[in-house]
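Visitor: I'd like to go through this model with you. Can we start with the basics?

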There are 2 protein chains.
Amino acid sequence: MRHGEGGLRERKKLQTRAALADAALRLALEKGPDQVTVEEIAEAADVSVRTFFNYFPHKEYAILARNPEHLERALERMRTAPAEESPLTTMWFIVNDVLRDLESDGQLSRRGELIMSSPSLLYQLMLSSLDDERQLTAALAERMGEPAGSVRPALIVSTAGAACRVVMELHKSAPDRPIRDLLDEAFHLLAQGIDAAFGPDHQKKGTS
Amino acid sequence: MRHGEGGLRERKKLQTRAALADAALRLALEKGPDQVTVEEIAEAADVSVRTFFNYFPHKEYAILARNPEHLERALERMRTAPAEESPLTTMWFIVNDVLRDLESDGQLSRRGELIMSSPSLLYQLMLSSLDDERQLTAALAERMGEPAGSVRPALIVSTAGAACRVVMELHKSAPDRPIRDLLDEAFHLLAQGIDAAFGPDHQKKGTS
DNA sequence: GGACAAACTTGCACCCACTGCAAACAATTA
DNA sequence: TAATTGTTTGCAGTGGGTGCAAGTTTGTCC
């Protein structure tokens, strides 16, 4: 009577979820992510609109179909990295992992193009990334032995994310350099400092 | 027959816009930004819902009521800063200007609290900030004499923004240090480098 | 000052993302 | 096999937002 992994119910749920995600991505690529409707996606996956929302809280989530393994892998990488590996180096590996989905042969993948072309997709990605960011920051602070509200871990995680985003935008505007070249340059700048001449304190005192 | 500044039409438009923005902020603070409806805001400002959308493309825009002068001041600062002032120092002054709205006596202002408490407000702010960011990046690249698609100007602007956001989040979670202290620490880290030991190249070669 | 044009407001119908509720249906358990 | 549990679905509704056209207000010209 009992089935192997999870039973018929569980298997059907996974199938439905996959069907919705597939349909969403396909139709978003065909029609544009802001043009395709939830009704079209649900119909293509052979479920009702109401059921769609049992699976995904927002239309964009179905299109993005973020793989929860990404965050898991990132947190795992954070925990198991060699002790001598510096924090930003770990973030570099994590970001490169994320880029697998967004880049292909130095160019934006179709999925990457899709995300960079739609404010609502970018929104949902950025919002959910904020949550990931908080978890990564907590894991990094723990690894660095710093208290939870420290500036440096939060800054490393958030600026690594900002660098990734900026690099993709730069590449979209002017695709003459591979994305990974741009990313390496950005990470090296972050590592060594983006402005050795920074100095509002001295200047401020001079003017007051 | 002619009136002074802009005529009756222009004056009424400004008044309506201000009334909508005032009502939006007041009601958002009273009821919560995600709870207040456009109908309530329009009614409080004595106009129709349809008219509301003649003024603001999204509900959040009315609540945020971003002052276009902020970007103008920032771009002006970028153009007129002393030649010897470094790029990140300029961004520091710009971010401190923005913080006037979000912080008061080292604590988050009510407006700052509002923004940090609502994903949809944060979204609209982040999205519109992306547009500002692009303009600031272009202005900074020009000032630095770098081509439009360069990594460093984009990185300076985007990481300054990320630092501002992160600092506010850190403060919200643990309000024991003034916001400006946190911000100064973040900017100094960015300036001098967040990770001197960064080195995936060396490590990568060692493992391959 | 009246006629006319331009600009703005408003009402209306509609679209679409999303939610709560309960009946119907399918899978699982006793 | 009947009872229980979990899932789907239909339905009504909310609220943000859009296009269109009629009504109203302001500005211009004679």
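Guide: What follows is a short talk through the DNA contacts, the two copies and one helix.

Guide: This is a predicted model, where local features need pLDDT of at least 70, side-chain atom pairs count only at pLDDT 80 or more, and totals for chains, interfaces and linings use all residues. Residues are numbered from 1 along each chain as its sequence is written, chains are lettered from A and ligands numbered from 1 in the order in which they are written, and side-chain values use heavy atoms, with hydrogens and water left out.

Visitor: Which residues are closest to DNA strand C?

Guide: The closest are A:Leu8, A:Arg9, A:Arg50, A:Lys59 and B:Thr51, out of 23 residues that surround the strand. A residue is near a strand if one of its heavy atoms lies within 4 Å of it.

Visitor: What does the side chain of A:Arg9 reach on DNA strand C?

Guide: An N or O atom of that A:Arg9 side chain is 2.8 Å from a base nitrogen of DNA strand C. Polar contacts here are pairs of N or O atoms within 3.5 Å; within protein, one must be able to donate a hydrogen and the other to accept it, and residues adjacent in sequence count only if both atoms are side-chain atoms.

Visitor: And which atom of DNA strand C is 3.3 Å from the side chain of A:Lys12?

Guide: A phosphate oxygen, paired with an N or O atom of the A:Lys12 side chain. B:Ser48 has a backbone N or O atom 3.1 Å from a phosphate oxygen of the strand.

Visitor: New topic. What rotation superposes chain A on chain B?

Guide: A rotation of 180°, with 0.0 Å of shift along its axis, and the RMSD is 0.1 Å. The two copies are thus related as by a two-fold rotation axis. The fit is by least squares on the C-alpha atoms of residues with pLDDT of at least 70 in both.

Visitor: Which C-alpha of chain A is nearest the axis?

Guide: That of A:Gly193, 1.7 Å from the axis.

Visitor: How many helices and strands does chain A have?

Guide: Chain A has 11 helices and 2 strands. These are DSSP runs, helices being H or I with at least four residues and strands E with at least two, numbered from the N terminus.

Visitor: How much of chain A is buried?

Guide: 50% of its 208 residues, where buried means under 20% relative accessible area (1.4 Å probe, protein chains only).

Visitor: Which residues of α1(B) are buried?

Guide: Among them are B:Leu20, B:Ala24 and B:Leu27. Just after α1(B), B:Gly32 takes a positive phi of about 100°.
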